[in-house]
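User: Please take a close look at a single part of this model. Begin with burial, then follow the side-chain pairs outward.

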Amino acid sequence: MINVNETHNPELESWVDSANDVETDFPIQNLPFGVFVDPATGAAKVGIAIGNMILDVAAARADGVIGGPADDAAAACEGATLNKLMAMGGGHWSALRAAVSSALRLDTKEGEAAKAVAGKILLSQENVSMLLPARIGDYTDFYSSIFHATNVGKMLRPDNPLMPNYKHIPIAYHGRASSIVASGGIFKRPFGQTKATDADTPSFGPSMALDYEAEIGFFVGPGNPLGQPVSLDEAEDHIFGLCLLNDWSARDIQAWEYQPLGPFLSKSFVSHVSPWVVTTEALAPFRCGSFPRPDGDPAPLPYLFTEANQDSGGFDLQIEVFISSAQMRDAGIQPHRLTLTNMRHLYWNIFQMLTHHTSNGCNIRPGDLMGTGTISGPEEGSLGSILEITKRGGEPLSLPTGEQRKFIADGDEVIMRASCEANGVRRIGLGECRAIIEGP
């Protein structure tokens, strides 16, 4: 596990004024990575968020702002994706984080030098567009929230909501990497084959049961050779960082297609991720214990259990989901919150997920994305999908305008946010993941 160090000091301040705002997701204690389009050249470049600005890593290296032990890692950021940096491993990531922290601090010589060339190494986030942070070769989505699995299971099997394997094994399916896109913009309602309960035959048309899924995504760092599993003790070294993930789902298409092999077209039409990847090192102060299993639940098999993972395998990461209808936006009404949940509700943590993924010898590669699955909590207001909130559409929710929703309607914008807070630690956030649904 990564230890808390000087880069996490809550007293640190930056010469970038906006980074000192208590409301910012991106104080100097965070320093998340992303890929932006340089407005001057149109080139994709690696950047680090600091307040409402972006540090251009390649420009900072060229100006001598970042170097020394961090030079190799900074050089790996001169491409158009984060894959090379992700492949390097924790020692390089930590060296680069330490160097950037020193360069952006208000009280260091490195900070004075960096501030002197601020016009060459900083850009406003408002002036750039963001891209996917990595070239995603493979995408695996898990089903690791027991509250979500139980809620959905009750709709299908009221007397036996969880399948017999759920408490023994992290469940997942292999998703579609090509349709993962960065936050923002508009996407079209998917078409597919569905079958109404009172119909004799299926039909083809637009999904009428579009849903969001509040998830956390995590990017693979160094990979593993084919045939060589990653142990739970080693899993920490193979995860670069976390992002928000909205794995959109067409529930009516899913209901018709998912047996016997699981979801297919109901999931592959689009998934959105937030553009900034918050490193596991930045999240070190917010680690917590793994999900406390109730008495009577089976203990994980030995390859999925260590005392260290049990003590600190979780993250105290709060996730919010909001909806904003077209009518709300026209009336100037703020987005309406649907969900407030937390990553600590995951029955299986991300290190167990990665370890299980490789336990058969499957190789993973830098930039691969894995998702936690929908994260729901035990309370009514902590449900991570509209399927759960409306009880499969049977109990529509009301918006501030009086509109009702069984599922997501055309013109709706879904916005996800996530942040970490703890006593004696500076609050950090993951930014936003948002998108608007357009009619067919």
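Analyst: Lys 267 is buried, because its relative accessible area is 7% (buried is under 20%, exposed over 50%, partly exposed in between; 1.4 Å probe, protein chains only). This is a predicted model: local features need pLDDT of at least 70, side-chain atom pairs need 80 or more, and totals for chains, interfaces and linings use all residues. Numbering runs from 1 along each chain as its sequence is written, and side-chain values use heavy atoms, without hydrogens or water.

Lys 267 has a charged partner. Asp 247 forms a salt bridge with Lys 267 (Lys or Arg side-chain nitrogen within 4 Å of an Asp or Glu carboxyl oxygen). The closest N and O atoms of Asp 247 and Lys 267 are 3.7 Å apart. The two ends come from distant parts of the chain, 20 residues apart. Asp 247 is in the loop between β14 and β15 (249–250). Lys 267 is in the loop between α9 (251–257) and β16 (271–273). Helices (H or I, at least four residues) and strands (E, at least two) are DSSP runs, numbered from the N terminus. Asp 247 has a relative accessible area of 0%, so Asp 247 is buried as well.

The pair does not stand alone. Salt bridges link Asp 211, Glu 213, Asp 247, Arg 251 and Lys 267 into a network.

Now the wider charge picture. The whole structure holds 25 salt bridges. One of them joins Glu 236 and Arg 287, at 2.6 Å from N to O. This pair also links distant parts of the chain, 51 residues apart. Glu 236 sits in the loop between α8 (232–235) and β14 (239–246), and Arg 287 in strand β18. Both Glu 236 and Arg 287 are buried. Arg 105 and Asp 107 form another bridge, with the closest N and O atoms 2.9 Å apart. Here burial is mixed. Arg 105 is buried at 14% relative accessible area, whereas Asp 107 is exposed at 55%.

Next, the rings. A search of the whole structure gives twelve aromatic pairs (Phe, Tyr or six-membered Trp ring centres within 6.5 Å; planes under 30 degrees apart are stacked, over 60 edge-to-face, the rest tilted). Phe 147 and Phe 291 are edge-to-face, because their ring planes stand at 65°, with centres 5.9 Å apart. These two are 144 residues apart: Phe 147 is in helix α7 (residues 146–156), Phe 291 in the loop between β18 (287–288) and α10 (307–312). Phe 147 is partly exposed at 23%. Phe 291 is buried at 13%.

Tyr 166 and Tyr 347 have ring centres 6.0 Å apart and planes at 45°, so they count as tilted. Their separation in sequence is 181 residues. Tyr 166 lies in the loop between α7 and β7 (172–174); Tyr 347 lies in the loop between β21 (336–342) and α12 (350–358). Tyr 166 is buried at 3%, and Tyr 347 is buried at 2%. Both pairs belong to one cluster, which ring pairs build from Tyr 143, Phe 147, Tyr 166, Phe 291, Tyr 347 and Trp 348.

One last site: Thr 81. Its place is the loop between α2 (71–75) and α3 (83–88). Thr 81 is partly exposed, at 22% relative accessible area. Beyond four places in sequence, its contacts (heavy atoms within 4.5 Å) are Val 35, Val 46, Pro 133, Ala 134 and Arg 135.
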